[in-house]
Amino acid sequence: MHGGRIYEYAEQSGRSLTELLDFSANINPLGPPSSVMSAIQDALKEIRHYPDARQSRVIETIRSKYGLSEDYGVFCGNGASEILDLTIRSLSPKRVWILEPAFSEYRQAAYRAGAKVMEKTIGNTSLQNTLLEIADTSMKGDLLIINNPHNPTGYCWRQEEFSASLPMLCRKEVTVLLDESFMDFRLDEENRTLMRQVIHLPNLVVVRSATKMYAIPGLRFGYGIAHRELSNRIEHNRDRWSVNHLAQAAATAAYQDRAFSEATWNWLSHEQQYILATWGSSNAGHLFMPSVNYFLFRFHENIPVHKILKRLEAEGIFVRRCHDFATLSERDIRVAIQTHSANESLWNALNQALQAF
Ligand SMILES: Cc1ncc(COP(=O)(O)O)c(C=O)c1O
């Protein structure tokens, strides 16, 4: 089960898409940026041609944004989901390690590739120790998926927390797929991303997404960064035209739009403060500190969570119920941070519901 099933929510609540408040998908409410919309408009007249199968313009833009030389392999996909799926399918590992709770697509992609899923829980010990334990028991050819910033807890690990384990995993020939789909939301992304490590760690693949930051999940664009050899091997299995012309044009404009990133960081830091002042002081449950554009909230045991969420849904307000994440339960919800007025509406509706029951 995913968040962001807005067409289903509309049917279920008898409302139009514009009448819904969807907090279940973590999409930047400031987007899509106007630069992206006009790039799409301009590109529309070219859709009678096949898209550029090399994605040259957008790859060049990504290289220049992050200062990545030709030693880095950059490859594009129809969303980060395609990069994840393609990487696992291309390497066909016998075993895929997943750190639970985790985005459900990891498991689905592993099963589709015929791999056995090995679960490890995060939270009992430091990430460093968990990764070292995996490095100890993993076998050559295994694949490990790590997600940072982490969905659904919203936690962001520091680069140092990977520094002992990643080289060890690499030496054991374990591929590490590091999903940084939400990294663009961090002002300090340059100090958090591990994309530059792929040169030293030839088994590391870093995955990024444009769909959340630039609010184009319906158009779709993601990319992977890996050592050139590994990147070529993965890319080889991709459908040449999986990244359509409009998505390439949109992503090219998006990755050049520094002003949009700055506006996003600014909005987010204000709204994170608001979330802290409201949800953070609630006596209905515990707020997991947001490091990006969503947060996890755990209701106390005495709260009738199901009734409350039903009431919100009847009002057209949807959050992500987390009962289907391993290690989480009906008491956990994940909430996207939206515009200030939407955040206020949710907070007020929640409090009315809490008072009603
Ligand atoms: C952690 C994580 N990675 C990847 C994705 C997929 O992103 P995309 O829309 O770029 O395929 C999601 C979507 O929700 C996600 O939560």
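**Exercise 1. Find the polar contacts that hold the ligand's oxygen atoms.**

Start with K212: an N or O atom in its side chain is 3.0 Å from an oxygen atom of the ligand. That fits the cut-off for a polar contact, a pair of N or O atoms within 3.5 Å (within protein, one must be able to donate a hydrogen and the other to accept it, and residues adjacent in sequence count only if both atoms are side-chain atoms). Next, look at R220, where a polar side-chain atom lies 2.5 Å from a ligand oxygen. Then turn to A80, which uses a polar backbone atom, 2.7 Å from an oxygen of the ligand. Finally, consider the cover: the ligand taken alone exposes 390 Å², and the protein buries 90% of that (Shrake-Rupley method, 1.4 Å probe; for residues, only the protein chains shown count as cover).

A note before you go on: this is a predicted model, in which local features need pLDDT of at least 70 and side-chain atom pairs count only at pLDDT 80 or more, while totals for chains, interfaces and linings use all residues. Residues are numbered from 1 along each chain as its sequence is written, and side-chain values use heavy atoms, with hydrogens and water left out.

**Exercise 2. Describe the shell around the ligand.**

Count first: 14 residues surround the ligand, and the closest are A80, S81, D179, S209 and R220 (a heavy atom within 4 Å). Now sort the shell: 4 residues are nonpolar, 7 polar and 3 charged. Here Ala, Val, Leu, Ile, Met, Phe, Trp, Tyr, Cys and Pro count as nonpolar, Asp, Glu, Lys and Arg as charged, and the others, Gly among them, as polar.

**Exercise 3. Work out the sheet that contains strand 9.**

Begin with the hairpin: strand 9 and strand 10 have 5 residues between them. Strands here are DSSP runs (E, at least two residues), numbered from the N terminus. The two run antiparallel, with 4 bridges joining residues 285–288 to 294–299; pairing takes at least two DSSP bridges. In this pair, F288 stands opposite L296 and H286 opposite R298. Widen the view to an open sheet of 4 strands, in the order 9-10-13-12, with antiparallel pairing. Strands 9 and 12 stand at the edges with a single partner strand each, so one side of each lacks a neighbour in the sheet.

**Exercise 4. Locate the unusual backbone geometry.**

Recall that most residues other than glycine have a negative phi, and most peptide bonds are trans. Check G31 to P32: this bond is cis, with omega near -5°. Likewise, a cis bond joins N148 and P149, omega about -5°. Last comes A215, with a positive phi of about 55°, in the loop between strand 7 and strand 8.
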